[in-house]
Amino acid sequence: MTESKTIKVDYLARVEGEGALYIRYDDGGVHDVKLKIFEPPRFFEAFMRGRDYLEAPDITARICGICPVAYQMSALHAMEDALGLAPTPELRALRRLIYCGEWIESHTLHIYMLHAPDFLGYPSAVAMAKDHPQIVRDGLQIKKAGNAIVNLLGGREIHPINVRVGGFYRVPAATELHPLREQLLQARDMAVETVRWAASLPFPKFERAADNQYEFVALSNPREYPMNEGRIASTRGLDIAVRDYDHHFREEQVDYTNALHSVINARGAYFVGPIARYNLNCDRLSPLVRQVADDIGFPPFCANPFQSIVVRSLEVLYAFDEALRIIDSYREPQQPYLKSEPRAATGCAATEAPRGLLYHRYSIDERGKITDAKIVAPTSQNQKTIETDLRLMLPQYLHLTEEKLQHQCEQAIRNYDPCISCSTHFLKLHLDRSDRSAE
Amino acid sequence: MTDRAIISLGNRFRGDDSVGPYILHRIRQHLGDMVPCIENGGDMTQLLEQWRDRRVCLVDAVLAEGRAVGDVIRLDGLAAPIAHSVCGTSSHGLNLAEAIELGRAVGALPRSLDIYAICGENFATSAALSPAVAAAAAVVEREIVNFLMAQTGGPPCTNSP
């Protein structure tokens, strides 16, 4: 007889959204892993229909309180693609600057508040703060600098209201940007220390076998580390224009989850996010970031998802460096935005949200009303890879107590900083163990 | 008065959850710039900066079992233990109780924290305030205004002699 054992954890904390994880395993291995997202579908793509093309950035920004800028950027670039608008270099620089702010806000929240407690053995950031208050203070200071960027350019830190198709409603004068410099310089120094601290954390060893490597997918841009534009590239040779996305990727309905699973037509699961960006674009990081990566001995290619916290910290450092570069070379745009006239057209865009590739496609009619919308969020692209990671990782941890095993699963999921709200809220963990030792 | 602040939590577009921003808006009309009125949409890490070293009145909506809609729960946030269910946010952020604990750990607490939590019932997107919540809002608004007026003698006179 096989004794079946079930472990239930009601809520996996420190991820955004509501979902459940079901794992069936026994001493012989892991037999079933299902990341179940039971948050109801939010129907954003459906209720975009009939709305004006100018509304898309602000409506889609409401998909996420953590990365609204990403939604705004993908939406407005897609609309500009449809309308044949090309933002001026000055407007482009400001968009990159506000994206830097969001990367800093989002990554710092994840590094310090969500992921670090896993490595230091605490159940939460609050518990960690009692023993390591300075670590948390540093995190809050760094995040504050990111907030300042988004606030200045976006009008407020969360759900900014100043970006629009064609540019911004209002652009700052150079004199408004310069007061940020000192705050960003101080925070950049703290970001360097964050990288060194993150690299010193104890990482579980996990790498996939040679015949089952990840396919990392990210934007790639020969001129710069990708944020707003580039071709879609992968570590297995994919190199396509964003407009060809729908020919190479598809979304699949899966019966146990409300979020669609995204796959590459030819090969299946893939991996988006900071590690993918880093692996495909490492040489385009700023000299300071590459120097710091060298100093800590961090390789130009990372295949251990537990080290995503280091890559996020490198990206935070890069975002400060890039923000300072943009501020120092800032020229105020002559016009805050390019005027546009609607026409019947379809446009698409992909930008790099903190969690990875974010694809938007819209069709509009001659009056500028949206007739069709498609949005593919990073978390839905990573779901299959998260499930596979758990399936491959768990066998080496089956000797652990159930409590520790659960913790290991949660930590592995948080490697991806999943935003379940984006992909369709609390993750409920359900481990089902068939105990063969009772036979 | 500069060390005082009124902070609202909640989403102004979600029914009774908007009672905090609603009260804030009404108090701002009474007191003008005399007291900073800060609307926080749910970022508790930002809250630590907003309330640090200030004497704060915080208004929010809650869903409390066993309490009637429109009940006002008054708490000294620094003395009374706050239930984790009060002002819960998404699991990606902190709730109010965690924000207070975190503030205590990193030395970012307000000097005083008077919490006014109003029990709501309808948190649907675009819904109006429930009648009982609107009535409670008027009570809380009056209470906070009277309290602050008593502290300061009211807003400065703007009439020129």
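Visitor: Which residues of α1(B) are buried in this predicted model?

Guide: In this predicted model, the buried residues of α1(B) are V19(B), G20(B), P21(B), Y22(B), I23(B), L24(B), I27(B) and L31(B). The cover over these buried residues includes β1 (4–9), β2 (37–40), β3 (55–62), β5 (112–119) and α4 (131–152) of chain B.

Visitor: What span should the 13 residues of helix α1 of chain B have?

Guide: The expected span of a helix is 1.5 Å times one less than its number of residues. Helix α1 of chain B (residues 19–31) should therefore span 18 Å, and its end C-alpha atoms are indeed 18 Å apart. Just after α1(B), G32(B) takes a positive phi of about 55 degrees.

Visitor: What sign of phi do most residues other than glycine have?

Guide: Most residues other than glycine have a negative phi. D53(B) is not a glycine, yet has a positive phi of about 60 degrees. D53(B) is placed in the loop between α2 (44–51) and β3 of chain B. In chain A, H159(A) also has a positive phi, near 50 degrees, and lies in the loop between α6 (133–154) and β4 (163–164).

Visitor: Is D53(B) buried or exposed?

Guide: A residue is exposed if 12 or fewer other C-beta atoms lie within 10 Å of its own. D53(B) has 11 C-beta neighbours inside 10 Å and therefore counts as exposed. H159(A) has 18 such neighbours, so H159(A) counts as partly exposed.

Visitor: Where is Q253(A) found?

Guide: Q253(A) is in the loop between β9 (249–252) and β10 (261–264) of chain A. Q253(A) is exposed, because 9 other C-beta atoms lie within 10 Å.

Note on methods: Residues are numbered from 1 along each chain as its sequence is written. Chains are lettered from A and ligands numbered from 1 in the order in which they are written. This is a predicted model: local features need pLDDT of at least 70, side-chain atom pairs count only at pLDDT 80 or more; totals for chains, interfaces and linings use all residues. Helices (H or I, at least four residues) and strands (E, at least two) are DSSP runs, numbered from the N terminus. A residue is buried if 20 or more other C-beta atoms lie within 10 Å of its own, exposed if 12 or fewer, and partly exposed in between; C-beta atoms are placed from the backbone. Two residues are in contact if their C-beta atoms, placed from the backbone, lie within 7 Å.
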